Amino acid sequence: MKLGRVVGTVVSTAKDEKIDGLKLYVVRDLSMEITDRDSFVVAADSVNAGIGEVVLYASGSSARQTKQTDGRPIDACIMAIVDQIDIDNRLVFDKGRD
Amino acid sequence: MKLGRVVGTVVSTAKDEKIDGLKLYVVRDLSMEITDRDSFVVAADSVNAGIGEVVLYASGSSARQTKQTDGRPIDACIMAIVDQIDIDNRLVFDKGRD
Amino acid sequence: MKLGRVVGTVVSTAKDEKIDGLKLYVVRDLSMEITDRDSFVVAADSVNAGIGEVVLYASGSSARQTKQTDGRPIDACIMAIVDQIDIDNRLVFDKGRD
Amino acid sequence: MKLGRVVGTVVSTAKDEKIDGLKLYVVRDLSMEITDRDSFVVAADSVNAGIGEVVLYASGSSARQTKQTDGRPIDACIMAIVDQIDIDNRLVFDKGRD
Amino acid sequence: MKLGRVVGTVVSTAKDEKIDGLKLYVVRDLSMEITDRDSFVVAADSVNAGIGEVVLYASGSSARQTKQTDGRPIDACIMAIVDQIDIDNRLVFDKGRD
């Protein structure tokens with residue numbers, strides 16, 4: 001999975017019928033130090049993530065293994081909201097703190 | 001999904017029989033600020049997108065989850081026409097305006 | 001799909017039995033201006049493409065959706081020979097001309 | 001598969017129900033000389049890997065071919081702990097030594 | 001498929017039970033001029049390739065379409081040993097010669 005931050009939303013009325021009802025978020029990739037990267041993805045959401053939250057998203061066919069995305073033309077899906085990240089025994093991200 | 005702009009069309013007569021009838025668009029990748037990137041993809045279309053429109057496209061096996069692309073040798077498919085994109089509470093793209 | 005030019009062939013005698021009989025082409029990626037890129041792929045062929053032709057190829061599981069590649073360990077397949085590419089209302093490639 | 005080193009952990013309480021019980025590791029990509037690369041992935045674990053260990057991880061649908069990850073929205077999975085790597089007849093990594 | 005050279009081996013005892021018995025090779029990517037690239041992959045082998053040989057490998061789900069890799073958490077598989085590569089009507093690689 002990749003680590004990202006939810007930074008925005010995409011609104012679409014003309015879309016494939018199979019994605020009706022899915023919320024589409026702009027997710028910006030993050031480094032291990034939780035800094036912004038240039039790359040981003042538009043992802044569906046299976047966990048009621050909110051703007052600003054640090055999340056994990058799955059890509060490819062794995063993005064279709066949630067109840068919300070099964071059988072849909074979705075290649076990226078937020079499947080976890082991150083509480084804490086620990087790297088080299090250092091807490092680099094704490095949702096309650098950061 | 002990736003964000004792109006439909007910039008052109010590809011015409012092919014000698015093609016795999018399974019892609020007969022599919023419209024093939026050249027889609028240029030866009031940044032979060034809706035500026036052109038160098039990368040592009042040739043994508044099928046499940047939503048009657050038109051030249052110049054900002055769209056989302058799905059890649060890989062997810063591109064085959066629409067009625068139009070099911071079971072076909074297609075690895076990129078436009079599955080939404082974008083109306084609005086909001087990033088950090090700022091409207092960075094509005095189809096009616098831009 | 002990606003846009004490429006067929007530039008060469010690969011000959012292999014010791015190969016997985018499932019790819020017996022498949023022609024394997026070296027396909028060089030092209031820019032939107034139909035200039036060579038550094039990247040390339042070795043692709044199977046479902047459309048009888050020839051050296052020098054501009055083609056589209058599908059990657060990943062989508063490359064296995066043709067009659068020739070179904071169920072085979074093939075992750076790239078030429079599925080269309082390009083006749084014309086039109087970008088921003090300009091004919092950037094015409095097989096009869098270029 | 002890619003070669004990486006387990007450098008951290010990700011804790012998440014709000015997550016897709018299908019990933020309950022899976023341990024999620026931060027895995028940093030390694031060069032052939034076993035030096036750190038900038039890129040990383042968050043991967044599930046099917047082999048009880050520990051922090052600091054050099055591992056192999058599989059990506060995409062292949063990451064779902066283990067008993068632990070089958071049918072789950074997981075696109076990266078550690079499936080081997082590396083004991084030794086030999087390149088050009090030189091032992092570049094030995095778990096017992098390095 | 002990608003073009004690579006088998007440069008090394010990976011030994012692992014603690015691994016997912018489904019990859020037992022598979023030989024894992026370090027494969028370095030090659031340019032069209034058969035020069036080394038920085039990138040590499042660890043791949044399973046379905047063709048009894050040897051160190052030093054130029055090979056093709058398939059990635060993703062296509063890597064699981066061989067008898068040896070079916071249903072296993074393997075995302076890269078050597079599926080051909082290359083004898084000859086011809087580019088722009090020039091023999092750039094000949095196994096008997098190079």
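**Exercise 1. Which residues does D86(A) touch, not counting residues up to four places away in sequence?**

Solution. The model is predicted, and the answer is to be read from it step by step.

Step 1. Begin with the position of the residue: D86(A) belongs to strand 6 of chain A, which covers residues 84-87.

Step 2. List the neighbours, leaving out residues up to four places away in sequence: D86(A) touches L91(A) in its own chain, and V7(D), G8(D) and T9(D) in chain D.

Step 3. Look at where the side chain points: the side chain of D86(A) reaches the backbone nitrogen of N89(A) at 3.3 Å, and this falls within the 3.5 Å cut-off for a polar contact between N or O atoms.

Step 4. For a separation through space, take M32(A), which lies 54 residues from D86(A) along the chain, while the C-alpha atoms of the two are separated by 9.7 Å.

**Exercise 2. Decide whether D86(A) is buried, partly exposed or exposed.**

Solution. The relative accessible area of D86(A) is 25%. Buried means under 20% and exposed means over 50%, with partly exposed in between, so D86(A) is partly exposed.

**Exercise 3. Describe the fold pattern and the overall dimensions of chain A.**

Solution. Step 1. Count the elements: chain A has 0 helices and 7 strands, and along the sequence these give the pattern β-β-β-β-β-β-β.

Step 2. Compare the radius of gyration with the expectation: a compact globule of 98 residues would have a value near 13 Å, and because chain A has 14 Å, the two agree. The C-alpha atoms fill a box of roughly 45 × 25 × 25 Å along the principal axes.

Step 3. Turn to burial and surface: buried residues make up 59% of the 98 residues in chain A, and of its accessible surface of about 3900 Å², carbon and sulfur atoms hold 41%.

Step 4. Consider the contacts in chain A with a separation of 6 or more, of which 51% come from residues 24 or more positions apart.

**Exercise 4. Work out how chain B is related to chain A, and which chains it does not contact.**

Solution. Step 1. Two copies of a chain are related by a rotation about an axis and a shift along it.

Step 2. Here a rotation of 72° with 0.0 Å of shift along its axis superposes chain B on chain A, with an RMSD of 0.0 Å. The two copies are therefore related as by a five-fold rotation axis. They use different surfaces, since 4% of the contact residues of chain B recur in chain A.

Step 3. No contact joins chain B to chain D, the closest C-alpha atoms of the pair lying 10 Å apart, and chain B likewise has no contact with chain E, where the closest C-alpha atoms lie 10 Å apart.

Notes: Residues numbered from 1 in each chain as written. Chains lettered and ligands numbered in written order. Predicted model: local features only at pLDDT ≥ 70, side-chain atom pairs only at ≥ 80, totals over all residues. Heavy atoms only, no water. Contact = heavy atoms within 4.5 Å. Least-squares fit on C-alpha atoms with pLDDT ≥ 70 in both. Helix = DSSP H or I, 4+ residues; strand = E, 2+ residues; numbered from the N terminus. Buried < 20%, exposed > 50% of the residue type's maximum accessible area, 1.4 Å probe, protein only. Polar contact = N/O pair within 3.5 Å; in protein donor to acceptor, adjacent residues only side chain to side chain. Rg over C-alpha atoms; globule rule 2.2 N^0.38 Å. Areas by Shrake-Rupley, 256 points an atom, 1.4 Å probe, with all protein chains shown as cover.
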